[in-house]
Amino acid sequence: MVNCKEVLSKNTVAGLGLGQFLSLLITSTGFLSSELAKRGINAPTSQSFLNYIFLALVYGGIMLYRRKSLKAKWYYYVLLGLVDVEANFLVVKAYQYTSITSVMLLDCWTIPCVLFLTWFFLKTKYRLKKLVGVVICAAGLVIVVFSDVHSADRSRGSNPVKGDLLIIAGATLYAVSNVSEEFFVKTADRVELMSFLGIFGAIVSAIQISILERNELRSIHWSAGAALPFVGFSVAMFLFYSGVPILLKISGSTMLNLSLLTSDMWAVLIRIFAYHEKVDWMYFVAFAVVTIGLIVYSVGDKMDENPAEVADEEVEQSKQFDEEAVDRGNSRIISALQNGEALPLLKKQHSMEKGTQ
């Protein structure tokens, strides 16, 4: 039975709170993207480009000021930057071909991918309570999908098969990116990760923009109405990317992806209070179900530990215990020598050793 202290532990509350803050940021990027789309601006890589520039400038400046040597090979960050850019591109591109219901459903493919990658590469073990939390969260999302089908979204898109394949590919790359970031956060350095992700993400984005989005950028009529959502999107993404490594260190990549499931529910609340739209009652049930799943996952048995790290910690504790025992023994001998009692003490030790033999 889960007690109140376990539920309200510092890490649990911090993980849940930060996860929902990141979910709100993702929701805001969705609304800003839709605002840009209304104005005829369709340049997903260009939108992400400014975010990578912010990461490179802010965290790169911190890294230069600290002047520390790299804790991970630079070419790993090149691969991470490539994966991250393409994941963003594929998911945004999928909206052009398939329905929002399909995107919401297939985007959940990230969660089993993350579970497998963390188990296979990071040696993370998940007990029953953790897996139950994942299942509850997935059930909440299924309720959302049924609500969409029941209420409004019946369109299939211009090319559903192509769109579904794009979203599955993007979700897989998101999983690879999240698990890689979790690895670097726990073994390298958060500032180093963000600075190199920004640098190489900006380079990859610039190359892709020059190939795919040159004409789109030339056709944009830049005004305050177009520039503000563009910059706002980048600022929200910068805050999201800055918060992700913190949540990864606290709760891991599975908790990150489960938290982001609530982004669609936050979007519903914004539609209700900001745009005064009516939504299906099933959304509120789904929000409650996902929230319960997140709590169950967060307060589950303490499992996300690397067995190698636990073994190293036990060895270190054993060494420390042995060193303390030796120090106590040496102190007694020195004290005995100073008091002229060394010979009786040595005789006593010798007789005890003989008895044990």
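In this predicted model, Leu 79 has a relative accessibility of 52% and is therefore counted as exposed, given that exposure is assigned over 50% relative accessible area. Leu 79 is placed in helix H4, which spans residues 74-94, and it contributes to a nonpolar surface patch together with Leu 70, Trp 74, Tyr 75 and Tyr 76. Taken together, the residues of this patch have about 540 Å² of accessible area.

Helix H3, comprising residues 44-66, contains 23 residues, and the distance from its first C-alpha to its last is 33 Å, close to the 33 Å expected at 1.5 Å a residue. Buried residues of H3 include Pro 44, Thr 45, Ser 46, Gln 47 and Ser 48 in the early part of the numbering, and Asn 51, Tyr 52, Leu 55, Ala 56, Tyr 59, Gly 60 and Met 63 are likewise buried. The cover over these buried residues includes helix H2 (10-38), H4, helix H9 (190-212), helix H10 (214-219) and H11. After H3 comes Arg 67, for which the phi angle is positive, near 55°.

Helix H11, one of the elements covering the buried residues of H3, runs over residues 224-251 and contains Val 231. With a relative accessible area of 38%, Val 231 is classed as partly exposed, because this category lies between the buried limit of under 20% and the exposed limit of over 50%. Although Val 231 and Leu 32 are 199 residues apart along the chain, their C-alpha atoms are separated by 9.5 Å.

Technical notes: Residues are numbered from 1 along each chain as its sequence is written. This is a predicted model: local features need pLDDT of at least 70, side-chain atom pairs count only at pLDDT 80 or more; totals for chains, interfaces and linings use all residues. Side-chain values use heavy atoms; hydrogens and water are left out. Patches are made of residues with over 30% relative accessible area and no salt bridge: like charges are joined within 9 Å, nonpolar side chains (Val, Leu, Ile, Met, Phe, Trp, Tyr) within 5 Å. Accessible areas come from the Shrake-Rupley method with a 1.4 Å probe; for residues, only the protein chains shown count as cover. A salt bridge is a side-chain nitrogen of Lys or Arg within 4 Å of a carboxyl oxygen of Asp or Glu. Helices (H or I, at least four residues) and strands (E, at least two) are DSSP runs, numbered from the N terminus. Buried means under 20% relative accessible area, exposed over 50%, partly exposed in between (1.4 Å probe, protein chains only). The expected span of a helix is 1.5 Å times one less than its number of residues. Contact means heavy atoms within 4.5 Å.
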